[in-house]
Amino acid sequence: RDCREAADSRFAAAIEKYHVEMNGFREELLQTVADMFNSRSSKLDDYERMLKQEYLSNDEMRASMQSKLEASANAAQNMFETLMKRVMQQSPQPQPQDAS
C-alpha cells in the first residue's frame with residue numbers, strides 16, 4: 001500500500017509538473033501569436049492608410065484632369081466656332097454665270 005501511495009504521489013507530481021510546463025508553453029505560444037498578429041495588424045493598418053491616401057490623391061488628380069480636359073474641349077470648340085465664323089465671312093459670294 002505504501003508503494004501505491006508513493007507511485008500515486010510521484011504520478012501527481014509528474015502531472016503537476018506537466019501542467020505547469022504546458023501552461024508556460026501555452027503562454028509563450030499565445031505571446032508569439034499575439035506579437036505576430038500585432039505586427040501584421042500594424043502593417044495592414046499602415047497599408048490601409050497608404051491606400052486611402054493614394055486613393056484620395058488619385059481622385060483629386062482625376063478631378064483635376066477631368067476639369068482640364070473639359071476646359072480644353074471648350075477652348076477647342078470656341079476656336080472651331082471662331083474659325084467657322086471667319087470662313088463664313090471670307091467666303092466669296094457665288095457670282096451668277098452668264099448664259100452665253
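A residue is called buried at under 20% relative accessible area, exposed at over 50%, and partly exposed in between, with a 1.4 Å probe and protein chains only. Phe37 counts as exposed, at 57% relative accessibility. The structure discussed here is a predicted model, in which local features need pLDDT of at least 70 and side-chain atom pairs count only at pLDDT 80 or more, while totals for chains, interfaces and linings use all residues. Residues are numbered from 1 along each chain as its sequence is written, and side-chain values use heavy atoms, with hydrogens and water left out.

The overall architecture is considered first. The protein chain contains one helix and zero strands; helices (H or I, at least four residues) and strands (E, at least two) are DSSP runs, numbered from the N terminus. The radius of gyration of the protein chain is 43 Å, well over the 13 Å that the globule rule gives for 100 residues, so the chain is more spread out than a compact globule. This radius is taken over C-alpha atoms, and the globule rule is 2.2 Å times the number of residues to the power 0.38. Along the principal axes, the C-alpha atoms of the protein chain fill a box of roughly 150 × 25 × 10 Å. Phe37, which is found in helix H1, offers a local view of chain separation: the C-alpha atoms of Phe37 and Arg4, 33 residues apart along the chain, are separated by 48 Å.

The surface comes next. Of the 100 residues in the protein chain, buried residues make up 0%. The chain exposes about 9,900 Å², of which carbon and sulfur atoms supply 58%; accessible areas come from the Shrake-Rupley method with a 1.4 Å probe, and for residues only the protein chains shown count as cover. A nonpolar patch on the surface is formed by Tyr18, Met22, Phe25, Leu29 and Val33, with about 490 Å² of accessible area together. Patches are made of residues with over 30% relative accessible area and no salt bridge, like charges being joined within 9 Å and nonpolar side chains (Val, Leu, Ile, Met, Phe, Trp, Tyr) within 5 Å. Within this patch, Tyr18 lies in helix H1 and is partly exposed, with a relative accessible area of 45%.

The charged residues complete the picture. The mean positions of the 13 positive and 17 negative charges of the protein chain are 1 Å apart. Lys and Arg count as positive and Asp and Glu as negative, whereas His and the chain ends are not counted; the place of a charge is taken as NZ of Lys, CZ of Arg, CG of Asp or CD of Glu. Side chains of opposite charge can pair when their charged atoms come close. A salt bridge is a side-chain nitrogen of Lys or Arg within 4 Å of a carboxyl oxygen of Asp or Glu, and by this rule the count comes to four salt bridges.

One of these joins Asp46 and Arg49, at 2.5 Å from N to O. Asp46 and Arg49 are separated by about one helical turn, because they are three residues apart in helix H1 (residues 2-90). Both ends are partly exposed: Asp46 has a relative accessible area of 36%, and Arg49 one of 47%. Arg62 and Asp59 also meet through their side chains in a salt bridge (3.5 Å, N to O), and they too lie in helix H1, three residues apart, about one turn of the helix. Arg62 counts as partly exposed at 49% relative accessibility, as does Asp59 at 34%. Arg26 forms a salt bridge with Glu27, with the closest N and O atoms 3.4 Å apart. Arg26 is partly exposed at a relative accessible area of 40%, and Glu27 is partly exposed at 45%.
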